[in-house]
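Reader: I'm in my first year and still learning how to read these models. Could you pick one small part, walk me through it slowly and explain the terms as you go?

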Amino acid sequence: MVRSPVLCSSAGKPLPVHDLMMSSPPAAPSGSAPRPQPQTSTALDSLSVSSLLSGDLDDDDGGGEEEGLGDLEVNPYDGLPFSSRYYALLEERRRLPVWRLRQSLLEHLENCSMVLLSAPSGAGKSTQVAQWCVEFALSFEFSHGLVCCSQPYSEAALSLALHVADEMDLSLGLEVGYRVSHDDGCTPDTLLRFVSDALLLEEMMSDPLLRQYGLVILDELQERTVPTDVLLGLLCDVCRQRPDNFRVVLLAHPTLAPRLAAFLGPSVPHLSLDDLGEPPHQEQRVEVMYRELSSGRDPVSAACHMVLDLHRRGEEGDVMVFLASSQEVEECLVLLEKESLALSPQLGSLRFIPLHPGLGSLTQRVYESDSGSLLKDGDRSDGVEAGGPGVRRKVVLTDTLGEASFSRQGVRYVVDTGLQLKTVYNPQIRANSQVLRNISKHQADMRTQRINSQLPGLCLRLYSQSRYDSGMTEAHCPRVMEENLSHLVLLLKRLDIADMGQCKFLDRPAPEALMQALEDLDYLAALDDDGNLSEVGIIMSELPLEPPLAKALIAACEYDCVEELLTIAAMLTAPSCFLTPDPSREDAAVSVWRPLMHSEGDHMTLINVYNAFMEHNEDEAWCAATFLSHAALRLAVVIRAELLEVMQRIELPVSPPAFGCQDNCTNIKRALISGFFLKVAHDVDGSGNYLLLTHRHVAHLHPFSSYRCRQPCPSPPSWVLYHEFTISRDNCIRIASEVHPHMLVELAPQYFLGNLPASDGKEMLMELRQSLAPPSGELDSVAGEHNRTQKDADKTAETHSQSSTELCVVQ
């Protein structure tokens with residue numbers, strides 16, 4: 001007979017979850033076979049999760065088929081017998097180090113609303129804890145809600161959903177699903193959802209107490225992303241308000257565990273592999289070697305030659321290379337492909353796999369099997385036949401994404417450059433800086449732990465031991481200390497946080513960063529006189545965009561250019577659609593881009609590119625011929641549709657398209673200035689040297705800007721509005737369009753112009769404002785009102801800093 005799991009006692013109370021054997025039966029039945037398809041049994045086809053959990057099964061139907069099933073164990077989530085693959089994977093799961101904590105975790109979940117579990121990378125915590133939490137939820141028949149597992153990287157959420165669905169013998173997108181930015185692989189009946197931490201934080205805007213979830217897993221806390229740190233404080237508050245039907249499991253690397261335990265207090269139990277009295281996972285089988293590079297030696301080429309040297313040794317084992325950035329990953333990939341051509345075929349095949357956030361779903365190639373389809377279309381290889389002699393080796397090239405996510409078997413060698421390229425926001429100048437920094441000691445140790453092989457491992461660190469001992473910090477700086485907090489503050493305001501200065505953070509953001517975020521939101525009219533969200537601010541929080549872009553899209557409703565701003569917003573949110581050509585092909589790329597370039601600036605060029613992509617029916621071959629990224633343009637199509645859906649849902653007017661006429665271009669620029677008046681630059685000498693008005697840095701137009709590529713080449717515009725500026729080696733402003741200063745005076749807040757640092761550009765704007773301004777008395781009134789508001793804000797900030805209370809109250 002097909003058995004529904006017995007979940008309740010005669011008194012109707014849930015049985016202890018550790019007594020259930022749903023996902024870990026003692027042994028594979030002798031009759032287990034490949035998983036049958038639903039159509040093979042009418043009785044099984046009619047089963048659903050809800051009927052299994054409620055016990056509403058008709059014992060009179062399908063009796064013949066049920067007798068044929070014998071004593072096969074039935075999956076309680078879909079009603080089908082477990083496949084033979086399930087039992088094979090179960091044996092592998094039981095050998096994972098984290099499996100020893102299973103019983104203890106399930107017991108603590110019965111009595112504690114929050115549990116901290118720490119284990120090193122590769123121990124299996126991300127895949128196994130999620131399945132144990134589903135077991136716990138099943139013991140309550142999911143009456144408390146679904147299970148959600150939050151990840152700091154979207155790519156990791158998708159990867160884990162694939163692996164967990166396979167291990168649970170379920171179909172991805174049904175009982176197990178994922179939800180990341182611009183990709184929803186869930187249904188209303190999905191029981192276990194892997195989501196990005198940013199989306200879970202946005203979900204709390206409409207459901208602050210997360211009532212659809214009974215258990216939330218916050219994974220990879222050591223990554224210290226802004227959404228993860230904020231969720232940690234918010235979930236503590238949700239646990240206090242839902243003590244009986246909400247559980248939180250925190251997963252972290254052991255390096256962060258002591259700080260987390262002190263932050264959470266003694267009431268939160270801490271489970272660790274170290275407490276079991278056994279040595280750390282695989283630590284004794286790994287040798288660490290330091291090789292300091294000579295002065296001026298490029299880490300990318302050094303890592304490349306190290307990989308080739310390892311391959312020439314002829315010993316088995318895959319290689320994982322850690323580089324500073326995704327750009328270095330691609331550079332190393334090109335260099336390896338070139339250098340490997342000179343290798344002897346007798347050494348064996350090399351397969352190079354890039355792994356960084358810009359690859360999206362292509363990151364799953366890191367798990368592809370060597371058998372059968374070793375070299376698929378699009379894979380990178382040196383051209384040696386898969387069936388040839390020698391060692392067949394995979395080389396994974398990654399950045400910080402590979403430190404904790406994407407564990408894989410067979411990695412014997414790790415090559416670590418010890419560097420990372422970070423983008424750090426400076427609130428004083430309102431600009432990002434790209435900084436090449438040493439990684440932390442914790443990161444170096446995590447990279448070493450990526451070795452996962454039966455053979456003795458080797459970690460080659462391309463830096464000296466003295467640099468590790470004294471040149472690296474213990475832990476990397478949390479992102480909440482390094483990012484622009486405007487979007488975060490907007491979300492927290494939407495959550496009705498009673499006192500943002502007292503919100504519970506593991507590391508509190510700098511007061512000046514919070515004040516700058518509040519000031520920017522005030523400039524954008526997102527706050528009212530009391531510091532709460534205004535009507536404009538509420539609408540801005542509904543749009544999944546950065547605050548300036550959200551404000552520009554709202555302003556487009558007034559200027560009848562919504563269709564065009566939707567396209568611009570989608571193109572700016574997606575990665576750049578312009579591929580970076582090889583130096584030898586730059587002229588060819590510019591020649592095919594030139595017909596798409598618009599005389600009114602780069603923002604209009606983005607509309608031209610998007611429209612051309614749609615006119616060519618989203619053709620991938622056209623993108624390749626035009627040096628455009630098909631993936632980025634496809635994502636822009638998805639983002640645009642999502643934005644249009646949001647605007648229709650909140651009943652904002654959507655004007656018909658009118659792109660092409662001069663009035664429309666002028667209106668587009670007016671809408672852009674409404675959101676991006678903080679990003680305006682003035683040409684100081686007529687030769688393209690732009691002084692950024694907010695912080696007096698000098699920058700240049702990007703080499704591929706339409707103002708530098710059109711023929712004949714136009715003169716540099718005197719005033720430009722730009723989308724992005726990063727202090728780096730080139731100091732370029734990207735996506736720039738010419739604007740007229742009278743537009744800036746007309747549309748920017750009056751007190752914003754007065755707060756600009758002294759410059760010739762400011763004097764021009766102030767003179768222009770005087771000629772267009774109402775009587776001086778009214779201006780003085782506006783300025784006085786703003787000064788009073790600023791003083792009140794300063795007093796509030798001072799009160800916050802003196803407060804010892806660290807509670808984050810969700811109203």
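Author: Sure, let's start with one histidine and its company. If you skip the neighbours within four places in sequence, His253 is in contact (heavy atoms within 4.5 Å) with Ser118, Ala119, Pro120, Ser121, Gln222, Met446 and Gln449. Before we go on, a word on what you're looking at: this is a predicted model, so local features need pLDDT of at least 70 and side-chain atom pairs count only at pLDDT 80 or more, while totals for chains, interfaces and linings use all residues. Residues are numbered from 1 along each chain as its sequence is written, and side-chain values use heavy atoms, with hydrogens and water left out.

So where does His253 sit? You'll find His253 in the loop between β7 (247-252) and α10 (257-264). Names like these come from DSSP runs, numbered from the N terminus: helices are H or I with at least four residues, and strands are E with at least two. His253 counts as buried because its relative accessibility is 3%. Buried means under 20% relative accessible area, exposed means over 50%, and partly exposed is in between, using a 1.4 Å probe and protein chains only.

Now look at two of those contacts. Pro120 is 133 residues away from His253 in sequence, yet their C-alpha atoms are 5.3 Å apart in space. With Gln449, the side chain of His253 makes a polar contact to the other side chain, at 2.8 Å. A polar contact is a pair of N or O atoms within 3.5 Å; within protein, one must be able to donate a hydrogen and the other to accept it, and residues adjacent in sequence count only if both atoms are side-chain atoms.

Ser118, also on the contact list, leads us to a strand. Strand β1 covers residues 114-118, and five of its five residues are buried. In a regular strand the side chains alternate between the two faces of the sheet. Here Met114, Leu116 and Ser118 point one way, Val115 and Leu117 point the other way, and all are buried.

What does β1 pair with? Two strands pair if DSSP finds at least two bridges between them. β1 runs parallel to β7, with five bridges joining them, and Leu117 stands opposite Leu251 of β7. β1 also runs parallel to β8 (residues 270-272), this time with three bridges; there, Ser118 has Ser272 as its bridge partner.

Last, follow the chain into the helix. The buried residues of α10 are Ala257, Leu260, Phe263 and Leu264. They lie on the same side of α10, because they cover an arc of only 125 degrees around the axis; that arc is taken from the directions from the helix axis to the C-beta atoms. An α-helix has 3.6 residues a turn, so residues three or four places apart point the same way. What do those buried residues pack against? Their partners are β1, α9 (226-241), β7 and β8. On the other side of α10, Pro258 and Ala262 are exposed. Just after α10 comes Gly265, with a positive phi of about 95 degrees.

Put the pieces together and you get this picture: the loop that holds His253 runs between β7 and α10, β7 pairs with β1, and the buried residues of α10 pack against both of those strands, among other elements.
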